[in-house]
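Colleague: Hello! I am new to reading protein models, and I would love some help going through one step by step. Could you put it up for us?

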Amino acid sequence: MDQIDRAIISASQAGLPLTPEPYQSLAEQIGISTDELMQRLIHMQEQGIIRRIGAIPNHYKLGYKHNGMTVWDIEDAYIDELGKKIGALDFVSHCYHRPRHLPDWPYNLFAMVHGKSAAAAELQIQQIADLLGDHCRAHEVLYSTRILKKTGLRIKNNVPS
């Protein structure tokens, strides 16, 4: 990663410019062409320096104030198949397979749901429970009460030229 890559990350880590042409605005800010910016972004993704570029909505500002991390104890033989189905649901923002920590924590599938009301969130959770059926031995819901952090890694662009 050279100084221009660091400048790209530094200039975009708080979000892309809110302009009709955000990549062009970012390129101008850094002093490179839009084509060079795009080539560098692709290269950084291929190298794993940038995992993805996407929108990060603030669920609370969008009216989704009943957000819960659902945790499920799923039979291991079905975790991949069922995890893909749960992750594909339009109301699940992220879904993970995690190791159990027995005897206290038997849950191995995590799925975040977002509802505008408690009833909407409960309906979504019931949809997941119905989809998992008999392959689910237990589940819990950990509801969010506030946002503690919603940012990615931040670096300084203080490399001398």
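Colleague: Thanks! Let me begin with a single residue: in which helix is S10 found?

Modeller: Before I answer, please keep in mind that this is a predicted model. S10 sits in helix α1, which runs over residues 3-12.

Colleague: Is S10 buried, partly exposed or exposed, and how do I decide?

Modeller: The idea is to look at the relative accessible area: under 20% is buried, over 50% is exposed, and anything in between is partly exposed. S10 has 25% relative accessibility, so it counts as partly exposed.

Colleague: Which residues of α1 are buried, then?

Modeller: In α1 the buried residues are D5, A7, I8 and I9. A general idea helps with reading such a list: an α-helix has 3.6 residues a turn, so residues three or four places apart point the same way. Try that on D5, I8 and I9, which are among the buried residues of α1.

Colleague: What covers those buried residues?

Modeller: The cover includes two helices, α2 (22-30) and α3 (34-46). While you are there, look at the start of α1, where a side-chain oxygen of D2 comes to within 3.1 Å of the backbone nitrogen of I4.

Colleague: How far apart are S10 and I155 in sequence and in space?

Modeller: Sequence distance and spatial distance are separate things to read. S10 and I155 are 145 residues apart along the sequence, yet their C-alpha atoms lie 6.1 Å apart. For the protein as a whole, take the contacts between residues at least 6 apart in sequence: 66% of them join residues at least 24 apart.

Colleague: Let me step back. What pattern do the helices and strands follow along the sequence?

Modeller: There are five helices and four strands, and they come in the order α-α-α-β-α-β-β-α-β. The radius of gyration is 20 Å, well over the 15 Å that the globule rule gives for 161 residues, so the protein is more spread out than a compact globule. The C-alpha trace spans about 60 × 35 × 25 Å along its principal axes, and 27% of the 161 residues count as buried.

Colleague: Which domains does the domain assignment give?

Modeller: The assignment gives domain 1 (3-47) and domain 2 (66-143). Their centres, taken over C-alpha atoms, are 36 Å apart. There is also an annotation from an unreviewed UniProt entry, "domain: Siroheme decarboxylase NirL-like HTH", on residues 5-51. That span is 64% helix and 0% strand.

Colleague: Now for a strand. Where does D73 lie, and is it buried or exposed?

Modeller: D73 belongs to strand β1, residues 66-74. Its relative accessible area is 8%, so D73 is buried.

Colleague: What does the side chain of D73 make a polar contact with?

Modeller: Its partner is the side chain of R100, at 2.8 Å. Beyond its neighbours up to four places away in sequence, D73 also touches several other residues, including Y107, N108 and H135.

Colleague: You mentioned N108. Where is it, and what does its side chain reach?

Modeller: N108 is in the loop between β2 and β3. With a relative accessible area of 1%, N108 is buried. Its side chain reaches the backbone nitrogen of I74 at 2.8 Å. Among its contacts beyond four places in sequence are W72, D73 and Y96.

Colleague: Which peptide bond is cis?

Modeller: Start from the general rule: most residues other than glycine have a negative phi, and most peptide bonds are trans. Here the bond from L102 to P103 is cis, with omega near 10 degrees. P103 is in the loop between β2 (92-97) and β3 (109-115).

Colleague: One last comparison: is D134 buried or exposed?

Modeller: D134 has 75% relative accessibility, so it counts as exposed. D134 lies in the loop between α5 (118-132) and β4 (136-143). D134 and I74 are 60 residues apart in sequence, and their C-alpha atoms are 9.0 Å apart. For a contrast in strand β1, look at H66, which counts as partly exposed at 29% relative accessibility.

Methods:
Residues are numbered from 1 along each chain as its sequence is written. This is a predicted model: local features need pLDDT of at least 70, side-chain atom pairs count only at pLDDT 80 or more; totals for chains, interfaces and linings use all residues. Side-chain values use heavy atoms; hydrogens and water are left out. Domain bounds come from an automatic or database domain assignment. Buried means under 20% relative accessible area, exposed over 50%, partly exposed in between (1.4 Å probe, protein chains only). A polar contact is a pair of N or O atoms within 3.5 Å; within protein, one must be able to donate a hydrogen and the other to accept it, and residues adjacent in sequence count only if both atoms are side-chain atoms. Contact means heavy atoms within 4.5 Å. The radius of gyration is taken over C-alpha atoms; the globule rule is 2.2 Å times the number of residues to the power 0.38. UniProt positions are given in the numbering used here, feature names are shortened, and annotations may be inferred rather than shown by experiment.
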